[in-house]
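I opened the notebook for a fresh chain today. Come along and look over my shoulder while I go through it.

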Amino acid sequence: MMQMHMNTLHLLVSFVHISILVSCMLIIDGHNLIGACYDIKLSDKNAKDKLITKLKEFQHINNNKIILVFDGKGFGEFEVSHEDKIEIRYPTKNQTADDVIKNLIKKHVGDQSVKIVSSDNQIIKEAKYHKLTSIKSQDFLLEFNKRIIKSNQPQIDVDDWLNYYDNMK
């Protein structure tokens with residue numbers, strides 16, 4: 001009986017994660033997400049580019065707008081990749097990426113179409129305070145991988161099945 005409840009709970013959690021990421025804008029803590037990736041290391045000089053490539057694939061599947069925030073270069077300017085709806089932002093000289101994310105959170109108070117991706121407790125707390133949904137980086141990556149795998153599976157439609165069964169007769 002307990003196992004059935006656990007399976008139901010797992011299914012419900014999976015459903016919630018799937019519905020959370022549909023038709024929304026994602027504000028992503030870039031270095032935090034890289035730190036959660038098994039295949040990208042923070043020490044890799046190409047880590048940002050590798051993450052952007054992965055997110056472009058995810059964005060293509062889900063059609064989410066993505067704001068990706070990194071510490072480092074840029075000094076207040078932000079780059080926009082229009083074809084993929086990925087906006088890459090860097091903080092001003094006296095800010096951190098966390099400051100930029102917190103400002104974006106304040107700009108979107110209560111907007112249920114905006115989701116924050118970070119495992120940073122301060123960012124999660126700020127999102128909750130401003131009535132936004134946050135998704136831990138590890139949970140986002142699990143959902144990300146599920147969607148990539150699902151999108152790579154061949155799609156079989158009803159006509160294919162009907163033809164298959166007709167041919168078996």
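What share of the contacts in the protein chain with a separation of 6 or more comes from residues 24 or more positions apart? I looked this up at the start, and the answer is 51%. I keep in mind throughout that this is a predicted model.

**Entry: overall layout.** I counted 7 helices and 6 strands in the protein chain. Reading from the N terminus, I noted the order α-β-α-α-β-β-β-α-β-α-β-α-α. The chain has 169 residues, and 37% of them are buried. For the accessible surface I wrote down about 10,900 Å², with 56% of that belonging to carbon and sulfur atoms.

**Entry: strand E5.** Next I turned to E5, which spans residues 114-117. I wondered which residues of E5 are buried on each side. Val 114 and Ile 116 are buried on one side, while Lys 115 and Val 117 are buried on the other, so I recorded both faces as covered. As a reminder to myself, side chains in a regular strand alternate between the two faces of the sheet.

Then I checked the partners of E5. Strand E1, residues 25-29, pairs with E5 in the parallel sense over 4 bridges. Here I found Ile 28 opposite Val 117. E5 also runs parallel to strand E6, residues 133-135, and 3 bridges join these two. Val 117 turns up again in this pairing, standing opposite Ile 135 of E6. To get from E5 to E6, the chain passes through helix H5, residues 121-129, and I noted this β-α-β crossover as right-handed.

**Entry: helix H4.** I moved on to H4, residues 97-107, and listed its buried residues: Ala 97, Val 100, Ile 101, Leu 104 and Ile 105. Why do I say that they line one face of the helix? Seen down the axis of H4, the buried residues fall within an arc of 140°, and therefore they line one face. I also asked what covers them. The cover includes E1, E5 and H5, along with strand E2 (65-69) and strand E4 (86-89).

**Entry: cysteines.** Last, I searched for disulfides and found 0 in the structure. For the record, a disulfide is a covalent bond between the sulfur atoms of two cysteines. Are Cys 24 and Cys 37 buried or exposed? Cys 24 has a relative accessibility of 7%, which is under the 20% cut-off, so I count Cys 24 as buried. Cys 37 has a relative accessible area of 6%, and I put Cys 37 down as buried because that value is also under 20%.

Terms used. Residues are numbered from 1 along each chain as its sequence is written. This is a predicted model: local features need pLDDT of at least 70, side-chain atom pairs count only at pLDDT 80 or more; totals for chains, interfaces and linings use all residues. Side-chain values use heavy atoms; hydrogens and water are left out. Buried means under 20% relative accessible area, exposed over 50%, partly exposed in between (1.4 Å probe, protein chains only). Contact means heavy atoms within 4.5 Å. Accessible areas come from the Shrake-Rupley method with a 1.4 Å probe; for residues, only the protein chains shown count as cover. Two strands pair if DSSP finds at least two bridges between them. A crossover is right-handed if, with the strands pointing away from the viewer, the path from the first strand over the helix to the second runs clockwise. A disulfide is a pair of cysteine sulfur atoms within 2.5 Å. The arc is that of the directions from the helix axis to the C-beta atoms.
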